Amino acid sequence: MFCASLFVCSVVLLTLNGDVTASGAGRAFPIDSENYVTEQFQTVNSRLEWDPTNFLVDLAGHYANCKAVSGEVRVDRLTPEGQSIGGMVEVVDGARADIDSVNSYIRTTVDRWMRSRVYHDKIRGGSRFGCSIRPGCSGRAVISCLFSPGATFTEPEYEEALDEPQLPENIVEGEQAALAFTAQQYEVAERYTGNKWDRSHFLENLSGFETRCEMLENSNWPFTTARQFAAQYGVRISSVYGSAPNTGSTDEALNDILSKFKSIRHARDLGCSIIPDCIRSSGMYAVVACIYSEP
């Protein structure tokens, strides 16, 4: 399974050295994937552009190699313009190297990144980026994206609202097993439920502590943890959850689940999280849990 936590990924730092550049460098994304990743990243940072000089694309190829490991990248060199460089690498399962498969590996990985605010910080901090992929690594493919400047920071226009409840500081990192929704999935949830998405991410965070594959076998999940944390901040909540077979399209499974959720008209906001790959003997299932705030 990919990064196990919705909000916390273990970070592996890589520097450009002999080991990293070994085993064959990666190649640039196909044009369809270049367009897709640009579109997705620009939902987080509208000023970010694909590097027109291909400097970052070529450099990312050094990190997309068969000896790479998933994690954060810090590059010990600057761009020709003197800017710092940083990024991420992900190793994914996939033995094929044809263009359709390569596009599929990239899309799945980018969608995963878009659900994590760990990666959002990288995207928000950059003005240019470039990516490469190395398929054919003994049943795996390696994907790398680099950004310049590479420092992680949050500009004022992206700062989250601080007047909404935030999770208590004593929550143990890594307890969430689910993934955040993407910006596009926010809109899908709003459309199906008729409720506004909680842009402070408080409700989304709460749902992340509850969403479990075990919900597949439990028709009356108590949401005990979410209710305890919400009560600490004087927030009243309602909850709902569901599941659907995931036969290869998480978006289709998500639509199937959300279409069965009833609108809670008196609720103000909602936040949801998803586990797309709960494995059971009958196949793979997606599980979604949503939490609503009440007046």
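This report walks through a predicted model of a protein chain, from its overall make-up to a few individual residues.

## The chain as a whole

Let's start with the broad picture. The chain has 295 residues, and 51% of them are buried. Its secondary structure comes to 8 helices and 11 strands.

Many of the contacts link parts of the chain that are well separated in sequence: of those between residues at least 6 apart, 75% join residues at least 24 apart. As for the outside, the chain exposes about 13800 Å², and carbon and sulfur atoms supply 48% of that area.

## Helices α1 and α3

Here is one pair of helices to look for. Helix α1 covers residues 31–42 and helix α3 covers residues 99–114; they pack at an angle of about 10°, with their axes 10 Å apart. That angle makes α1 roughly parallel to α3, since angles under 35 degrees count as roughly parallel.

On the α1 side, the residues that meet α3 are Asp 32, Ser 33, Tyr 36, Val 37, Gln 40 and Phe 41. Facing them from α3 are Asn 103, Ile 106, Arg 107, Val 110, Asp 111, Trp 113 and Met 114. Sorted by type, the residues of this contact divide into 7 nonpolar, 3 polar and 3 charged.

## A closer look at Tyr 105

While you are at helix α3, have a look at Tyr 105, which is found in it. Is Tyr 105 buried or exposed? Its relative accessible area is 13%, so Tyr 105 is buried, the cut-off for that being under 20%.

Which residues does Tyr 105 touch, leaving aside its neighbours within four places in sequence? They are Val 92, Asp 93, Gly 94, Ala 95 and Arg 96, along with Ile 133, Ala 141 and Ile 143. Take Ile 133 from that list: it lies 28 residues from Tyr 105 along the chain, and the C-alpha atoms of the two are separated by 9.2 Å.

## Helices α5 and α8

A second pair of helices is formed by α5 (residues 183–193) and α8 (residues 250–258), which pack at an angle of about 25° with their axes 10 Å apart. These two helices are therefore roughly parallel to each other, and their crossing is right-handed.

Helix α5 contributes Gln 185, Val 188, Ala 189 and Tyr 192 to the contact, while α8 contributes Asp 251, Leu 254, Asn 255 and Leu 258. By type, these residues divide into 5 nonpolar, 2 polar and 1 charged.

## The buried side of helix α2

Next comes helix α2, residues 55–63, whose buried residues are Leu 56, Val 57, Leu 59, Ala 60, Gly 61 and Tyr 63. What covers them? The cover includes the strands β1 (27–28), β2 (49–50), β3 (71–74), β4 (86–93), β5 (128–134) and β6 (140–148).

## Unusual spots in the backbone

Most residues other than glycine have a negative phi, and most peptide bonds are trans. A few places in this model go the other way.

Asn 54, in the loop between β2 and α2, has a positive phi of about 65° although it is not a glycine. Phe 223 also has a positive phi, of about 55°, and lies in the loop between α6 (202–208) and α7 (224–232). Asn 54 counts as partly exposed at 36% relative accessibility, whereas Phe 223 is buried at 1%.

Finally, the peptide bond from Ser 148 to Pro 149 is cis, with omega near -10°. Pro 149 is found in the loop between β6 and β7 (179–180).

Note on methods: Residues numbered from 1 in each chain as written. Predicted model: local features only at pLDDT ≥ 70, side-chain atom pairs only at ≥ 80, totals over all residues. Heavy atoms only, no water. Helix = DSSP H or I, 4+ residues; strand = E, 2+ residues; numbered from the N terminus. Buried < 20%, exposed > 50% of the residue type's maximum accessible area, 1.4 Å probe, protein only. Contact = heavy atoms within 4.5 Å. Areas by Shrake-Rupley, 256 points an atom, 1.4 Å probe, with all protein chains shown as cover. Axes fitted to C-alpha atoms, helices over the stretch in contact; angles between N-to-C directions. Parallel < 35°, antiparallel > 145°, perpendicular 65-115°, else oblique. Left-handed = near helix turned anticlockwise from the far one by under 90°. Nonpolar A, V, L, I, M, F, W, Y, C, P; charged D, E, K, R; others polar.
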